[in-house]
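Welcome! Here are a few exercises to work through with the structure open beside you. Try each task before reading its solution.

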Amino acid sequence: MDNEKLTLDIIEQITRNDGTKYYEMANVLMNGRAEKAAELGLIKEVRILKLNIPHSSAVIIYEDYINENYTVPPMNMSEWVEWKKPEGQILDAFNDILKANKIISKEDNDK
C-alpha cells in the first residue's frame with residue numbers, strides 16, 4: 001500500500017474534536033479511515049459532501065502533493081493526521097477544487 005498512489009475523488013467535511021471543521025479530499029479508502037478515526041474519538045465526525053469529482057488539473061496538483069508527503073494511515077491508528085495545505089500552488093489548487101465543486105464560493109475564498 002505504501003507505493004500505491006491515491007486517487008482523490010471525494011470531498012469531505014471533517015469535524016475536529018474541538019468542533020471546528022475543515023474540508024479534505026479523499027477516496028473510499030481514506031473515507032473509511034476517517035470513519036474509523038471518528039469511532040476511535042480521534043475526530044468528531046466525517047461527512048461526504050461530493051462524490052466522483054472531476055479529475056481536473058487542480059486535483060492532479062493536490063493529489064501529487066498528498067502522494068509525495070503523506071501515507072494512508074493504518075486501521076489501528078492512534079492519531080489523525082490532518083493534511084496541511086501550504087500557501088501557494090497547493091492551497092490555490094485545493095481552493096479551486098472547492099470552488100469548482102460549489103463547496104465554497106469565490107467570496108469565501110477571498111476572506
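**Exercise 1. Find how many residues lie between β1 and β2 in their hairpin, and look at Gly19 in the turn.**

Keep in mind that this is a predicted model.

- Step 1: Start with the connection: 5 residues separate the two strands of the hairpin.
- Step 2: Within that turn, Gly19 has a positive phi of about 95°.
- Step 3: Now follow the pairing: β1 (residues 10–15) and β2 run antiparallel to each other, with 6 bridges.
- Step 4: Pick one bridge to check by eye: Gln13 is partnered by Tyr23 in β2.

**Exercise 2. Check whether the span of helix α2 (residues 57–69) agrees with the expected one, then work out where its buried residues sit.**

- Step 1: With 13 residues at 1.5 Å a residue, α2 should span 18 Å.
- Step 2: The C-alpha atoms at its ends are 19 Å apart, which agrees.
- Step 3: Next, list the buried residues of α2: Ala58, Val59, Tyr62, Glu63, Tyr65 and Ile66.
- Step 4: Their arc around the axis is only 160°, so they lie on the same side of α2.
- Step 5: On the face turned away from that side are the exposed residues Ser57 and Glu68.
- Step 6: The cover over the buried residues includes β2 (21–26) and α3 (89–100).

**Exercise 3. Which residues have the most contacts inside the largest nonpolar core?**

- Step 1: This core has 30 residues, and the best-connected are Met25, Tyr62, Ile66, Trp80, Trp83 and Ile97.
- Step 2: Two or more core residues come from each of β1, β2, α1 (28–39), α2 and α3.
- Step 3: Zoom in on Tyr62: beyond its neighbours within four places in sequence, its contacts include Met25, Trp83 and Ile97.

Terms used: Residues are numbered from 1 along each chain as its sequence is written. This is a predicted model: local features need pLDDT of at least 70, side-chain atom pairs count only at pLDDT 80 or more; totals for chains, interfaces and linings use all residues. Side-chain values use heavy atoms; hydrogens and water are left out. Helices (H or I, at least four residues) and strands (E, at least two) are DSSP runs, numbered from the N terminus. The expected span of a helix is 1.5 Å times one less than its number of residues. Buried means under 20% relative accessible area, exposed over 50%, partly exposed in between (1.4 Å probe, protein chains only). The arc is that of the directions from the helix axis to the C-beta atoms. Contact means heavy atoms within 4.5 Å. Two strands pair if DSSP finds at least two bridges between them. A nonpolar core is a set of buried Ala, Val, Leu, Ile, Met, Phe, Trp, Tyr and Cys residues joined through side-chain atoms within 4.5 Å.
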